Amino acid sequence: MQDRCYVPAARYAAPAGLFLLCGRAVADFGLNLTPGVTAVSEQVYDLHMLILWVCTVIGAVVFGFMGYAILRHRRSLGVKPAGFHGNLGLEILWTLVPFLVLVAMAVPATRVLRTMVDTRDADLTIKVTGYQWRWHYDYLEQGIGYFSRLTTTQDAIHGRAPKDQHYLREVDQPLVVPVGRKIRFLTTSNDVIHSWWVPDLGWKKDAIPGFINEAWARIDRPGTYRGQCTELCGVGHGFMPIVLQALPEADFQRWLDGQQAEQAASAAAASRTWSRDALLQRGREIFESTCAACHQPTGIGVPGVFPAIKGSKVATGPLHAHLDIVLNGKAGTAMQAFGNQLPDRDLASVITFERNAFGNDTGDLVQPADVKAARDRPRPASMNPEQQAAEAHP
């Protein structure tokens with residue numbers, strides 16, 4: 001099992017003697033890149049170490065020569081400054097040598113870069129979409145997709161409960177991939193710029209709204225590998241980790257069959273009538289994993305930034321307005337449209353929870369059928385989306 005968190009070396013003053021260690025031994029200190037678990041990550045690591053040593057040798061030669069010249073030709077020894085200006089041979093030499101060094105470094109770097117961008121002949125394609133603040137994974141050929149959300153509790157985040165080994169680094173549904181198969185990743189975003197990064201894969205890709213970035217990986221050994229969003233994407237930036245599980249082919253196929261069956265059952269569940277307790281329990285889970293980052297676990301929001309759910313005109317007002325704002329969001333604010341993010345049962349549950357929690361006590365129960373009817377109901381043509389959202393969420 002692989003489970004590491006590599007910290008940039010720039011944050012620490014590593015002793016000079018550390019560079020005398022073997023490159024891969026240095027990586028184990030967490031002060032270097034990781035060799036990773038893919039052929040690309042190993043090539044990137046080896047290239048990094050090659051360039052590091054080239055730069056180290058150049059630095060030692062240049063600063064060594066400078067030190068020698070300063071000490072050997074100092075005034076206290078009676079050395080007189082030279083009277084010449086310029087030397088054509090030296091000018092050519094110290095221009096040509098760096099040029100040749102750069103060309104020599106460019107050859108292996110170009111070779112690795114060409115390998116990294118070659119996404120042809122993939123066995124599996126996964127679309128990764130960033131949301132504030134969670135990831136959505138679509139297995140395009142297999143027809144399944146799901147969100148991956150942080151599972152660290154709000155009590156742990158706010159210091160009311162102990163922090164476990166994977167504090168802020170555990171999710172409800174990891175990305176699951178097979179070992180030994182070429183996987184093509186398509187990264188994009190639904191809102192702001194995110195960046196999907198798992199160090200052991202050897203690359204990271206920005207997730208940009210309206211744009212698709214491509215990358216690939218073939219993981220060589222089973223394990224659990226962790227990463228995070230590396231683009232400052234808002235107040236919940238620190239709460240969207242990545243967990244990737246690489247499984248042997250047979251285990252992956254069993255997982256895939258289970259996911260397809262589970263999603264079929266979830267679609268069937270949308271036609272059921274759920275009890276109040278079931279709706280409230282599921283609604284609390286959805287609220288804590290999806291809504292609490294903005295509206296706070298207590299529902300009081302952040303004054304001037306995120307509105308409160310407790311006692312709000314939306315959560316205690318007309319049900320159709322509450323359904324509208326959750327389904328369609330509010331233009332010009334951080335309130336997203338969750339109609340394309342959550343299934344009808346989860347939407348029904350979280351709306352029921354918001355209308356009956358934090359002292360709201362409206363007594364309203366929302367069923368999946370109500371959410372489906374709201375989806376199908378045409379919005380008034382006389383109002384533009386901004387006006388509709390403003391009416392639903394004053």
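Which residues in H6 are buried? That is a good place to start, and the points below build out from there.

1. A word on the model: this is a predicted model, where local features need pLDDT of at least 70, side-chain atom pairs count only at pLDDT 80 or more, and totals for chains, interfaces and linings use all residues. Residues are numbered from 1 along each chain as its sequence is written, and side-chain values use heavy atoms, with hydrogens and water left out.

2. In H6, the buried residues (under 20% relative accessible area, 1.4 Å probe, protein chains only) are Leu 279, Leu 280, Gly 283, Ile 286, Phe 287, Thr 290, Cys 291, Ala 292, Cys 294 and His 295. They pack against strand E2 (134-139), helix H4 (154-157) and helix H9 (344-356). Helices (H or I, at least four residues) and strands (E, at least two) are DSSP runs, numbered from the N terminus.

3. H6 (residues 276-295) spans only 23 Å between its end C-alpha atoms, while a straight helix of 20 residues would span 28 Å at 1.5 Å a residue. A kink of about 50° is centred on Glu 288, taken as the angle between axes fitted to the seven residues ending there and the seven starting there.

4. For helix H3 (residues 88-116), the end C-alpha atoms are 42 Å apart, which agrees with the 42 Å that its 29 residues should span at 1.5 Å a residue. Met 105, Pro 108 and Val 112 are buried in H3, and their cover includes helix H2 (39-72).

5. Leu 244 is in contact (heavy atoms within 4.5 Å) with residues including Leu 175, Trp 196 and Tyr 225, leaving aside neighbours within four places in sequence.

How values were computed: The expected span of a helix is 1.5 Å times one less than its number of residues. Buried means under 20% relative accessible area, exposed over 50%, partly exposed in between (1.4 Å probe, protein chains only).
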